[in-house]
Amino acid sequence: MAPSPYVAPVASSTAVFRDDIFKGKVLFCTGGGSGIGKGMTETVMRHGASAVIIGRNLERLTAASQELSQKTGEVCIPAQADVRKPESLRDAVKKAIERFGRIDFVICGAAGNFLAPISGLSENAFRTVIEIDTIGTYNTVKATLPHIRASKGSYIHISATLHYQGTPYQAHVSSAKAAVDALSRVIAMEEGPHGVRSNVLAPGYTMGTEGLSKLYPKGKNPNDDEKMARPLGRYTEIQDVANATVFLFSDAALYITGQIIPIDGSVVGSSLVP
Ligand code: HXC
């Protein structure tokens, strides 16, 4: 099959959902200072939510929270924490509750990645990514769960599509994200009776992110690569992931839990160019 002549437009969720659907709600987003997490936070705020963004670099977080507040007219505050350290996450949750009194939505977005063959992947390198992606997700859920139960809220975990097939040089991230997928399903089963939902968004190569710059040859665009052709004609934009986030947190998705939704404009693992 030839590459697609069609290129899907990138719509904004504000053209589809009312801009006040999250009024009074509070988002807690790890990895919210940059990339996909920042884009998800901005879009959720555009629908009326306040937000707390969590990351290791306070300077970057502070700048991002000011930018998000300014762009959306809602309140965003930074909370410095390393998802590998449960006590620092508990402090971030405390800060969120002191400021807003509640948490309704959690995005587990903090992640780490680099390309490395397993033969060159040290024990510490493998462990580091498992600690950030998998244990960081567990720590975030543990720290926020009482508040998410109280609000009958919802989790979104950021996974990837790499581990739905074999992706070379990604043993660490593939293992870590497979565990995140599994963890989300268990949370959905155990916490559903408490009114809590848990879902996974699995972005493909996402334009303009640190992840893409690490995984794809520097300065190149996968949309220009015939071998990478997608049926919908382009690679993932941050806004695509943000739009799905609004849907999953909204009342339109109140009966959806334990699901993994790839946001990659294709059928995972398929290729248009043989
Ligand atoms: C081999 C590497 C390496 C590399 C680091 N290490 N980079 N090994 N190749 N390129 C090894 C180090 O040598 C060390 O092992 C161990 O990993 C820990 O490295 P540190 O630098 O001490 O860890 P830390 O400072 O905590 O940094 C974590 C990190 C870093 C993951 C290495 O890159 C990071 O913080 N990244 C956050 C941002 C990020 O990566 N975002 C992209 C997410 S994309 P030794 O043995 O020497 O001690 C994503 C999926 C995208 O999640 C999927 C798209 C389809």
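## Helix H7, strand E6 and the ligand shell

Helix H7 covers residues 238–249, and its 12 residues reach 17 Å from the first C-alpha to the last, close to the 16 Å expected at 1.5 Å a residue. Please keep in mind as you look around that this is a predicted model.

H7 is mostly covered, with 10 of its 12 residues buried. The buried set starts with Ile 238, continues with Asp 240, Val 241, Ala 242, Asn 243, Ala 244, Thr 245 and Val 246, and ends with Leu 248 and Phe 249. What lies over these residues? The cover of the buried residues of H7 includes helix H1 (35–46) and the strands E4 (105–108), E5, E6 and E7.

**Strand E6 and its partners**

Strand E6, one of the elements that cover H7, runs through residues 197–203, and seven of its seven residues are buried. Both faces of the strand are covered. On one side you will find Arg 197, Asn 199, Leu 201 and Pro 203, and on the other Ser 198, Val 200 and Ala 202, all of them buried.

E6 pairs with strand E5 (residues 154–158) in the parallel sense, over five bridges. Within this pairing, Leu 201 of E6 is the bridge partner of Ile 158. To get from E5 to E6 the chain passes through helix H5 (residues 171–191), and this β-α-β crossover is right-handed. E6 is also joined to strand E7 (residues 260–263) by four bridges, and these two strands run parallel as well. Here Ala 202 stands opposite Pro 262 in E7.

**Around the ligand**

How many residues surround the ligand? There are 21 of them, and the closest are Ala 111, Gly 112, Ser 122, Ala 125 and Gly 211. Two helices, H4 (123–151) and H6 (210–215), each supply at least two residues of this shell. By character, the shell around the ligand divides into 10 nonpolar residues, nine polar ones and two charged ones.

**Two loop residues with positive phi**

Most residues other than glycine have a negative phi. Lys 152 has a positive phi although it is not a glycine, and so does Tyr 169. The table sets out the two residues side by side.

| Residue | Phi | Place | Other C-beta atoms within 10 Å |
|---|---|---|---|
| Lys 152 | about 50° | loop between H4 and E5 | 13 C-beta atoms |
| Tyr 169 | about 65° | loop between E5 and H5 | 16 C-beta atoms |

Are these residues buried, partly exposed or exposed? Lys 152 is partly exposed, because 13 other C-beta atoms lie within 10 Å. Tyr 169 is likewise partly exposed, with 16 other C-beta atoms within 10 Å.

**Ala 11, before strand E1**

Ala 11 lies in the segment before strand E1 (26–30). Why does Ala 11 count as exposed? It is exposed because 11 other C-beta atoms lie within 10 Å, and a residue is exposed if that number is 12 or fewer. Leaving aside neighbours within four places in sequence, Ala 11 is in contact with Val 16 and Asn 243. Asn 243 brings us back to helix H7, where Asn 243 is one of the buried residues. In contrast to these contacts, Ala 11 and Ile 148 are 29 Å apart in space, C-alpha to C-alpha, and 137 residues apart in sequence.

Conventions
Residues numbered from 1 in each chain as written. Predicted model: local features only at pLDDT ≥ 70, side-chain atom pairs only at ≥ 80, totals over all residues. Buried ≥ 20, exposed ≤ 12 C-beta atoms within 10 Å, placed from the backbone. Pairing = 2+ DSSP bridges. Right-handed = clockwise from strand over helix to strand, strands pointing away. Near = placed C-beta within 6 Å. Nonpolar A, V, L, I, M, F, W, Y, C, P; charged D, E, K, R; others polar. Expected span 1.5 Å × (residues − 1). Contact = placed C-beta atoms within 7 Å.
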